[in-house]
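Welcome! Here is a short briefing to help you find your way around this structure. Take a look at it first, and then read on.

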Amino acid sequence: MKFKLFLLFAFLPFFVFSQVDLSYYLPTNVSYNKEIPTPKEFLGYEVGEQHVNPFEVYAYYREVAKHSDRIKIETYARSFENRELLLATVSSPKNLVKLNEIKAEHAKLSQSDISKSLKIEQMPIVVWMGYSVHGNEASGLNSSLLTIYYLAAAEGKEIDDLLNESIILVDPCINPDGGNRFSTWVNQNKSQTLVSDINAREFKETWPGGRTNHYWFDMNRDWLYQQLPESKGRLVKFYDWLPNILTDHHEMGSNSTFFFQPGIPERTHPMTPVKNIDLTVKFGKFQAAGLDSIGSYYYTKENYDDFYYGKGSTLPDVNGSIGILFEQASSRGHLQENVNGVISFPFTVRNQFTASLSTLKAGKSMRTELLNYMRDFYSEKSTDDIKAYVFGGGNDPVRVWEMVNVMRRNQIEVYKLGKNEGIGSKQFQKSDAFVVPMNQPKHRLVKSLFEQRTTFADSAFYDISAWTLPLCMNVPFAESKSNVSLGEKITEANFPSGSVVGESKYSYLFEWDGYFAARSAYELLDAGYILKYAMEPFKSVIDGKEKEFSYGTIQIQCGDKNPTSLLKKLAERDGTIFYAQSTGLTTSGINMGSEKFRRMQKPQALMIVGDGVDYNDAGEVWHLLDQRVSFPMSFADISQVNRIDLEKYTHIIINQGRYGELSEEKIKKYVAGGGTIVALGDGASWLSQKKIGSVSVKPQASNDGKGKRPFAMKTSYDGAMATSGAILEAKIDPSHPICYGYKQSTLPIFKVNNVVFEETGNPYNTPLIFTEKPLMAGYVHSKNIERFKSSPAVIAQTVGAGKIISFSDNPNFRAFWYGTNKLFLNALFFGNGISGGRFEED
């Protein structure tokens, strides 16, 4: 009898859920306009029968819009693979006619000087529903077909009232590149007779899988800094509308159920008002009722948090909106076994669609409350002791420019500095400094971007615990407790173009300070120019005045070429300043022909990828080199690396990850033959374990303690030991090739792991060392602080004829940690500079 019941339970979902029609998903007490094509009528298959791809979704949306006067379609961005990202605006026909007027009136909610006069009771609520930012969390994307069909085809007073009182923004596919990869995979590996075995190939995507975008980025971490085109376009629309509710539809492990916010209360960012949490709880009751009505299980106030403002469900919270995360247990294909029996793809789609319907009900019911909340949010003035933040100067205007861009993309008010100011020990010049006053509507967001918080209500984090903007950009800044003179308000940040100073047939010089210096250098090398870099400072007369040039200054030898036109192009594109040098003599220091001008090799790098490698870290390297350096880097899977000839590559890049299948003998031979390895995080740990080089890694700290503890607390204690994203201070040696381009004594480093190097005993091969009190911002357990302090952050050593440059951390984190990209690039462009002279390994 038990066996028969098992068969009934196990196979019933196949017969029922694999052959569902619209009646399985849609409310039955509603009539539907037969002029609106159903998904099956357009696609040729039922929702949930197979995985829809982004192109099919967009085509269906456009087809529905042709037959409906409730929908407007627009493209807000294109992905790296040139796929469009589409936004549907849905409302009543009368609202769509005056959409710009409604938008302008809604924008007044954030303008405290006029918002009190608004007639809230007459204003529609704005609801944004976003689906599947992770491409392999496909139930959201597929449920968006049902969302647009329901909104276009449903008839009756209920839908009419909803559309009259709402502006609904539907973002059906936030990640079309990843969504296309995943839908192709699962449909190609689907059997006609559905296979639920968890070992089936359908559920085992090949690396890197469909979660990420083209460059393997987790796009749900890019909402704040907006380094990706998909995010930039989306946030333009977000701030254009400033929705009252934003929902973010995700998936989680197959053995779970359904989650909706709020998350763990103690892990909410302090800049988020308590009222936001209260409203989220009230909103959750609508979700509970909706899921109860279809018999689905769920939970809330567990696992997830609302701390990092770079996620889709948290950035709204610091903008007067209510951000809501939905997490549906994933079928990861069409039908999969789990601890509860089996989970079918149509079931996951139905839960997501039900959550969408509940969102719309909540928005309509809470309309005036949410509109009033947004008005009150922006009416509240800052009571912080800090009156303004001042930043700028330094030796790289490009990073300052991007810092301004980040704030302008988030509609933060930024001004030029009105007059030269001294704040504490720092001096700022009005010519190159900026002010961000706290007396502005976005003061909460400003605070979160500039603060260096080190105390927290909880010791576990779902994501990073610090993201201080000027530290990530490595830009000088200061807090002012008094008002600062404001100059012109910045409405558009112009790129700081460089220039060509003078003309020469002999040589040109450029400093390595600029963010895009490496891109200039690579193009010159690719054009056949001989480039040499200074291993000591010198002075030379430029345009009639003596100028000092620091370590890493690049000399371009003209030879029989005239580089003027190329240099002008690079100056405008990269912000590089080129200085004509018509003689080999300098006024002091090394001369142009000195042996201490070392020839720069044109790097040819291979990055190891594939199963076990952290695809986010690898993608960040790929994006940096491809998008910001125009550097054609090769990458190959571990199994391929074990077979190919590595001698042609000047550098091999080993990122965070597991490398159990990588041939250690192959890597040893490569280094012995003169190759350079750049290893990050666990990549460096792997080298240490295999005794390739002499870097030693400290053992992990334990938080077990000596006494007994409740079993239920184990997860909390373990979580407290994780370093999930904090900012540490390191001392740097500007004379070391790895630190060329820096003219400071310390540098903020982003720490996202617990990898710690032992002291090497060599006084010359540790160009960066964490300080005695390294924590600048974020959470780090006290035991890990003890491990981190005074430990090497980077070790650059010679091994035989080759070199190994080991980073304890990722200097390219999420494409927004601009301040340490140069360290990584220096390992590629100056790696040969660590051999010989005082850089040689004992």
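**A first look at the sheet and its neighbours**

Val 126 stands opposite Ile 167 in strand 6. This pair of residues is a handy place to start in what is a predicted model. From there, we can follow strand 6 to its partners, then the whole sheet, the helices packed on it, and the core.

**Strand 6 and its partners**

- Strand 4 (residues 125–131) runs parallel to strand 6, and six bridges join the two.
- Strand 3 (residues 84–90) pairs with strand 6 in the antiparallel sense, over three bridges; here Ala 88 has Val 170 as its bridge partner.
- Is strand 6 mostly covered or mostly open? Strand 6, which spans residues 166–171, is mostly covered, with six of its six residues buried.
- That cover extends to both faces of strand 6: Ser 166, Ile 168 and Val 170 are buried on one side, and Ile 167, Leu 169 and Asp 171 are buried on the other.

**The whole sheet**

- Strand 6 belongs to an open sheet of seven strands, in the order 2-3-6-4-7-9-8, with mixed pairing.
- Strand 2 (71–78) and strand 8 (258–260) stand at the edges with a single partner strand each, so one side of each has no neighbour in the sheet.
- From one strand to the next, the twist averages 20°.
- At one of those edges, strand 8 pairs with strand 9 (residues 322–329) in the antiparallel sense over three bridges, and Phe 258 stands opposite Gln 328 in strand 9.

**Helices on the sheet**

- Helix 3 (residues 54–67) packs on the sheet and touches strand 2, strand 3 and strand 6. The direction of helix 3 makes about 30° with that of strand 3.
- Helix 10 (residues 274–293) also packs on the sheet, touching strand 7 (245–252), strand 8 and strand 9. Its direction makes about 35° with that of strand 9.

**The core and helix 6**

- The largest nonpolar core has 242 residues, and Phe 391, Trp 512, Leu 768 and Phe 829 have the most contacts inside it.
- Which helix gives this core its largest share? Helix 6 (residues 138–153) does, with ten residues.
- The axes of helix 6 and helix 11 (residues 345–365) come within 8 Å and cross at roughly 50°, which makes helix 6 oblique to helix 11.
- The crossing of helix 6 and helix 11 is right-handed.
- Where these two helices meet, the residues from helix 6 include Ala 138, Leu 146 and Tyr 150, and those from helix 11 include Phe 345, Phe 353 and Leu 360.

Terms used
Residues numbered from 1 in each chain as written. Predicted model: local features only at pLDDT ≥ 70, side-chain atom pairs only at ≥ 80, totals over all residues. Heavy atoms only, no water. Buried < 20%, exposed > 50% of the residue type's maximum accessible area, 1.4 Å probe, protein only. Helix = DSSP H or I, 4+ residues; strand = E, 2+ residues; numbered from the N terminus. Pairing = 2+ DSSP bridges. Core = buried A, V, L, I, M, F, W, Y, C linked by side-chain atoms within 4.5 Å. Axes fitted to C-alpha atoms, helices over the stretch in contact; angles between N-to-C directions. Parallel < 35°, antiparallel > 145°, perpendicular 65-115°, else oblique. Left-handed = near helix turned anticlockwise from the far one by under 90°. Contact = heavy atoms within 4.5 Å.
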